[in-house]
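Hi,

Here is the structure I said I would pass on. Have a look through it first, and my notes follow below.

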Amino acid sequence: MLKIDQPELKNKLNNKFYSSIKQFNPKQLNHAMKKIYSSLALILITILSVQTLKADNIDGNVLYQGDALRPISNVIVVLQNVDNNTIETYTTLGDGFFQFNNVPNGNYTLSGSTTLNSGGITFLDPTLVFLHIIGFYEFTPLQKMASDVDGNGSVTWTDYNLIIANILNGTPFPVGAWKFETLSFTISNLKDGVPHGLGGTSSGDVGGTFVPTVNNTPAIPLAQEGTLKVTAGEPFTTRILTHNELSITGAGIIINYPEELLQIESVEFKGADYDYTIVGGQIRLVWGNPNTTPVNFSDGETFITIRGVTTSAFTQGMTANISLSGNTSLINESNKEISDLKFASPAITYGNPELRLSNYPNPFTSSTKLSIYTPQEGNTSIDVYSTSGQLVKTISAGLLTAGSHEITLDATMMAKGYYICKIRIQAGSSELTNSIRILKAE
């Protein structure tokens with residue numbers, strides 16, 4: 001390799017350069033220099049033009065709260081050149097992938113939008129907002145984006161109240177159902193900061209429970225235990241029992257029911273100062289916050305009591321099932337969402353207008369509710385017999401009007417085992433009777 005820093009060689013080169021310069025007069029020299037500058041400028045412009053035309057590819061996946069296992073389909077990804085306001089779009093498929101090819105140098109933003117149904121909002125979400133506001137929980141950037149449902153750029157009590165209103169009434173958020181990151185970046189020859197993905201979230205889903213690939217949150221299991229028989233236009237009382245021992249400080253409960261078959265009139269819950277709404281085939285109940293005194297439930301205890309009346313559409317052979325939405329959420333004293341919930345409720349089936357007797361729960365421990373439907377008014381008595389035929393207990397229910405009634409059977413003095421419960425109604429000169437088998441578990 002030639003080293004021009006050697007003194008002798010440098011002198012030779014300098015002498016040769018200056019001897020070449022001496023061949024030109026001043027006018028010639030000035031003209032030559034202008035030609036050199038013009039040539040250099042042309043070369044520089046050419047280089048810059050090549051650099052400007054150099055392009056990059058932008059691709060990646062739209063992921064739910066950054067989770068690679070939860071891609072979001074049907075998202076319109078928007079690439080905007082902020083220098084000249086040109087826009088390109090790409091709609092993601094099932095894997096959430098997007099791609100823009102041969103994007104020239106410049107300043108850009110990347111954002112997204114979708115018309116998908118949102119979801120995943122549970123009582124855990126306002127609980128986390130509550131804890132964040134009082135300084136006990138730090139949000140990630142995507143959690144902050146999900147919780148800012150009023151769109152003012154900060155997380156406040158307004159956001160908390162809006163999320164509660166969404167659980168209770170299904171009230172939409174001012175920011176809309178979805179929020180996506182807006183990423184600003186520059187494409188240059190250095191290729192610095194080009195994004196390779198985009199995060200999105202259902203508004204209000206601070207806890208990140210939504211699963212966009214199935215567009216749903218898994219339902220809470222509700223086993224069918226026993227049968228409640230009713231006829232068309234008949235009042236009824238049904239219950240949801242818990243098969244967990246629970247200690248809770250907050251609850252957001254969503255119960256689905258067939259509104260064409262059942263008209264719900266009232267709901268009862270053990271916690272004080274609860275709110276509920278009945279709309280669109282759903283019962284939505286909200287109770288508590290992290291400062292609430294816990295409410296405890298034993299295994300087999302009534303969790304929710306539902307009272308209503310069947311509609312005229314409820315006919316022979318029909319069953320009206322209720323279910324618990326996957327967005328039902330119970331919060332424990334550690335402000336954690338309780339998992340592995342187990343609930344049960346009787347099937348509501350059609351029964352002809354006749355004297356009917358059922359009990360709930362069954363099996364039971366200290367007591368059970370006897371549900372009675374009588375087509376006629378009459379004086380009523382209820383006898384409880386052992387399986388050997390011995391009379392164990394008698395309840396004088398007095399005069400019952402035609403319709404549905406409920407009586408509590410106190411079983412604290414009864415031994416564990418099976419019993420026969422028989423009802424008699426004296427209606428004028430006729431007597432109506434029915435009996436069922438019941439089980440005391442302890």
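Let me start with a pair of helices. Helices α3 and α5 pack at an angle of about 170°, and their axes lie 9 Å apart. That angle makes α3 roughly antiparallel to α5, because anything over 145 degrees counts that way. On the α3 side, the contact is made by D125, P126, V129, F130 and I133. On the α5 side, W157, Y160, I163, I164 and I167 take part. Sorted by type, the residues of this contact come out as nine nonpolar, no polar and one charged.

Before you read further, do keep in mind that this is a predicted model.

Now for α5 itself, which covers residues 157–169. How far apart should the ends of its 13 residues be? At 1.5 Å a residue the helix should span 18 Å, and its end C-alpha atoms are 18 Å apart, so the two agree. Its buried residues are D159, Y160, I163, I164, A165, N166, I167 and L168. What do those buried residues pack against? Their partners are two helices, α3 (124–133) and α4 (141–147), plus the strands β13 (250–256), β15 (275–279) and β16 (282–288). Just after α5 comes G170, with a positive phi of about 70°.

Next, a strand to look up: β11, residues 235–242. Seven of its eight residues are buried, so the rest of the structure largely encloses β11. It runs antiparallel to β18 (residues 302–310), and seven bridges join the two. If you want a spot to click on, T238 stands opposite I306 in β18. β11 also pairs with β22 (residues 343–350), again in the antiparallel sense, over two bridges. There, T242 has F343 of β22 as its bridge partner.

Last, there is an open sheet of three strands, in the order β23-β24-β27, with antiparallel pairing. Which strands stand at the edges? They are β23 (356–360) and β27 (403–410); each has a single partner strand, so one side of each is left without a neighbour in the sheet. On average, neighbouring strands here are turned by 25° against each other, ignoring direction. β24 (residues 367–374) pairs with β27 over eight bridges, in the antiparallel sense. In that pairing, K369 stands opposite T408 of β27.

Shout if anything is unclear.

Cheers

Note on methods:
Residues are numbered from 1 along each chain as its sequence is written. This is a predicted model: local features need pLDDT of at least 70, side-chain atom pairs count only at pLDDT 80 or more; totals for chains, interfaces and linings use all residues. Side-chain values use heavy atoms; hydrogens and water are left out. Helices (H or I, at least four residues) and strands (E, at least two) are DSSP runs, numbered from the N terminus. The expected span of a helix is 1.5 Å times one less than its number of residues. Buried means under 20% relative accessible area, exposed over 50%, partly exposed in between (1.4 Å probe, protein chains only). Contact means heavy atoms within 4.5 Å. Axes are lines fitted to C-alpha atoms, for helices over the stretch in contact, and angles run from 0 to 180 degrees between N-to-C directions. Angles under 35 degrees count as roughly parallel, over 145 as roughly antiparallel, 65 to 115 as roughly perpendicular and the rest as oblique. Ala, Val, Leu, Ile, Met, Phe, Trp, Tyr, Cys and Pro count as nonpolar, Asp, Glu, Lys and Arg as charged, and the others, Gly among them, as polar. Two strands pair if DSSP finds at least two bridges between them.
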